[in-house]
Amino acid sequence: MKQEKKTLPTLTPEDYYINEQGLMVFTAKYHLKRGYCCGSGCKHCPYPKT
């Protein structure tokens, strides 16, 4: 059985920032807009750890 790909929301400037190491860091606002936890241990994830 094929799993359907989830459509990700379009990024806006308030959805992320670039940290001192040059990496993109998603904000809690983006995580809420996405609607689920990806399980990657994101810094600003508002969802309970699984």
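**Surface patch, ring pairs and salt bridges**

In this predicted model, L11 is located in the segment before β1, a strand that spans residues 16–18. The side chain of L11 contributes to a nonpolar surface patch together with I18 and M24, and the three residues have about 270 Å² of accessible area together. L11 counts as partly exposed because its relative accessible area is 37%, which lies between the limits of 20% for buried and 50% for exposed residues.

L11 is also among the residues contacted by Y30. Y30 is placed in helix α1, and when neighbours within four places in sequence are set aside, its contacts are L8, P9, L11 and D15. The backbone positions of Y30 and D15 can also be compared: the two residues are 15 residues apart along the chain, while their C-alpha atoms are separated by 4.7 Å. With a relative accessibility of 3%, Y30 is classed as buried.

Aromatic pairing was examined next. A pair of aromatic rings is described by the distance of the centres and the angle of the planes. One aromatic pair is present in the structure. The pair consists of F26 and Y30, with a centre-to-centre distance of 4.4 Å and an angle of 20 degrees between the planes. The arrangement is therefore classed as stacked, since the planes are under 30 degrees apart. The two partners fall into separate accessibility classes: F26 is partly exposed at 24% relative accessibility, whereas Y30 is buried at 3%. A further ring is involved in an interaction with a charge, in that the charged end of R34 sits over the ring of Y36 at 5.1 Å from its centre.

Side chains of opposite charge can pair when their charged atoms come close. Two salt bridges are counted in the model. In one of them, the side chains of K29 and E14 meet with an N to O distance of 3.6 Å. This pair links distant parts of the chain, as K29 belongs to helix α1 and E14 to the segment before β1, 15 residues apart. Both partners are partly exposed, K29 at 47% relative accessibility and E14 at 43%.

The other salt bridge is formed by K33 and D15, whose closest N and O atoms are 2.7 Å apart. Because K33 lies in helix α1 and D15 in the segment before β1, the pair ties together parts that are 18 residues apart in sequence. The accessibility of the partners is as follows: K33 is partly exposed, with a relative accessible area of 37%, and D15 is buried at 0%. D15 thus takes part in this salt bridge and is also in contact with Y30.

Helix α1, which comprises residues 28–34, also contains H31. At 0% relative accessibility, H31 is classed as buried. Residues up to four places away in sequence being excluded, H31 touches F26, Y36, C42, H44, C45, P46 and Y47. Among these contacts are F26, a member of the stacked pair, and Y36, the ring over which the charged end of R34 sits.

Q21 is found in the loop between β1 and β2, the latter strand covering residues 24–26. Q21 counts as exposed because its relative accessibility is 60%, a value over the 50% limit. The C-alpha atoms of Q21 and K43 are 14 Å apart in space, the two residues being 22 residues apart in sequence.

Key
Residues numbered from 1 in each chain as written. Predicted model: local features only at pLDDT ≥ 70, side-chain atom pairs only at ≥ 80, totals over all residues. Heavy atoms only, no water. Patch = residues over 30% accessible without salt bridge, like charges linked within 9 Å, V, L, I, M, F, W, Y side chains within 5 Å. Areas by Shrake-Rupley, 256 points an atom, 1.4 Å probe, with all protein chains shown as cover. Salt bridge = Lys/Arg side-chain N within 4 Å of Asp/Glu carboxyl O. Helix = DSSP H or I, 4+ residues; strand = E, 2+ residues; numbered from the N terminus. Buried < 20%, exposed > 50% of the residue type's maximum accessible area, 1.4 Å probe, protein only. Phe/Tyr/Trp six-rings, centres within 6.5 Å; stacked < 30°, edge-to-face > 60°. Lys NZ or Arg CZ within 6 Å of the ring centre and 35° of its normal. Contact = heavy atoms within 4.5 Å.
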